[in-house]
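Biologist: Please take a close look at one part of this model for me. I would like to see how two helices pack, and then what surrounds them.

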Amino acid sequence: MDSPLDLPGTPRRHFLRAAAAAPLPALPALAALAPSAPARPAEGARWTGDWPARLKDAVERAMPAAVAWARPARRPFGAVLVDAATGAVLAGARNTTEHNGDMTAHAELTLLREAAAAGHRLPSCAVVSTAEPCAMCAGALVWTGVRAVAYGTSLAALVAYGVPQIDLPLTEITRRSPFTPPAVARGVRADLTDPLYRPSAAPQDGAP
Ligand SMILES: [Zn+2]
């Protein structure tokens, strides 16, 4: 035997012919990894928890304001605070990590700090974010007892677009919490938020 491939009963030429004839990976599997095609939750799976019709409408109407907060940031993540009773946008914030060197200055965390300073009662509010909150912000959202969280682009989609993320979904953090979890809505106005993170958009190298 002069090669590991020259096994008894498996002549080398036969082995090579068999390898050449092996089927290639199917194209649909490769297409699923393409940055332009992140997975989307089915409509029925998008809203979990208590979402009265008025609150659904309010967070959808508020997303353009969150996108407006995000656009000027080098890392274009934005969030707004919505009064769950009236639908009014009470405050907004963007990621400022590139401006002040504070890598915890994500949009949601800054929004929660400003909301607390302004005296807003978070169990009566919804946070609307352009992207799924990272593990740090998700923990903070749970600690504040915020009523609901709605986001546009998912962590999985951010990763598919080439934006590095800690792979820990918001719902996994709420599931492990002993506190009343916020209602969660996914893919809200993703038609507006996805373009912020596509590879053709501004340079991306950070978390929300
Ligand atoms: Zn974050």
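Modeller: Let us begin with the whole chain. Residues 24 or more positions apart account for 64% of the contacts with a separation of 6 or more. This is a predicted model. The protein chain has 208 residues, and 39% of them count as buried. Its secondary structure comes to 9 helices and 6 strands.

Now for the helix pair. Two packed helices are described by the angle between their axes and the distance between the axes. Here the pair is α3, residues 53-70, and α9, residues 190-197. Their axes come within 10 Å and cross at roughly 15°. Angles under 35 degrees count as roughly parallel, so α3 is roughly parallel to α9. The crossing of α3 and α9 is left-handed.

Which residues in α3 and α9 meet? From α3 come Met63, Pro64, Val67 and Ala70. From α9 come Leu192, Thr193 and Leu196. By class, this contact of α3 with α9 has 6 nonpolar residues, 1 polar residue and no charged ones.

Next, the core. The largest nonpolar core has 51 residues. Val59, Val82, Ala126, Val127, Val128 and Val149 touch the most other members. Helix α3 gives the largest share of this core, 9 residues.

Take Val128 from that group. Leave aside its neighbours within four places in sequence. Val128 is then in contact with Val59, Ala62, Met63 and Ala66. Its contacts also include Ala79, Val80, Val82 and Ala150. Met63 appears here, and Met63 also meets α9.

Now go to the loop between β6 (183-185) and α9. Arg189 is found there. Most residues other than glycine have a negative phi. Arg189 has a positive phi of about 50°, although it is not a glycine. Is Arg189 buried or exposed? Arg189 has 21 C-beta neighbours inside 10 Å, so it counts as buried. The cut-off for buried is 20 or more.

Another arginine, Arg46, makes a useful second case. Arg46 lies in the loop between α2 (27-31) and β1 (47-48). It has 17 C-beta neighbours inside 10 Å, so Arg46 counts as partly exposed. What separates the C-alpha atoms of Arg46 and Val184? Along the chain, these two are 138 residues apart. In space, their C-alpha atoms are separated by 7.9 Å.

Methods
Residues are numbered from 1 along each chain as its sequence is written. This is a predicted model: local features need pLDDT of at least 70, side-chain atom pairs count only at pLDDT 80 or more; totals for chains, interfaces and linings use all residues. Axes are lines fitted to C-alpha atoms, for helices over the stretch in contact, and angles run from 0 to 180 degrees between N-to-C directions. Helices (H or I, at least four residues) and strands (E, at least two) are DSSP runs, numbered from the N terminus. Angles under 35 degrees count as roughly parallel, over 145 as roughly antiparallel, 65 to 115 as roughly perpendicular and the rest as oblique. A crossing is left-handed if the near helix is turned anticlockwise from the far one by less than a right angle, and right-handed if clockwise. Two residues are in contact if their C-beta atoms, placed from the backbone, lie within 7 Å. Ala, Val, Leu, Ile, Met, Phe, Trp, Tyr, Cys and Pro count as nonpolar, Asp, Glu, Lys and Arg as charged, and the others, Gly among them, as polar. A nonpolar core is a set of buried Ala, Val, Leu, Ile, Met, Phe, Trp, Tyr and Cys residues joined through C-beta atoms within 7 Å. A residue is buried if 20 or more other C-beta atoms lie within 10 Å of its own, exposed if 12 or fewer, and partly exposed in between; C-beta atoms are placed from the backbone.
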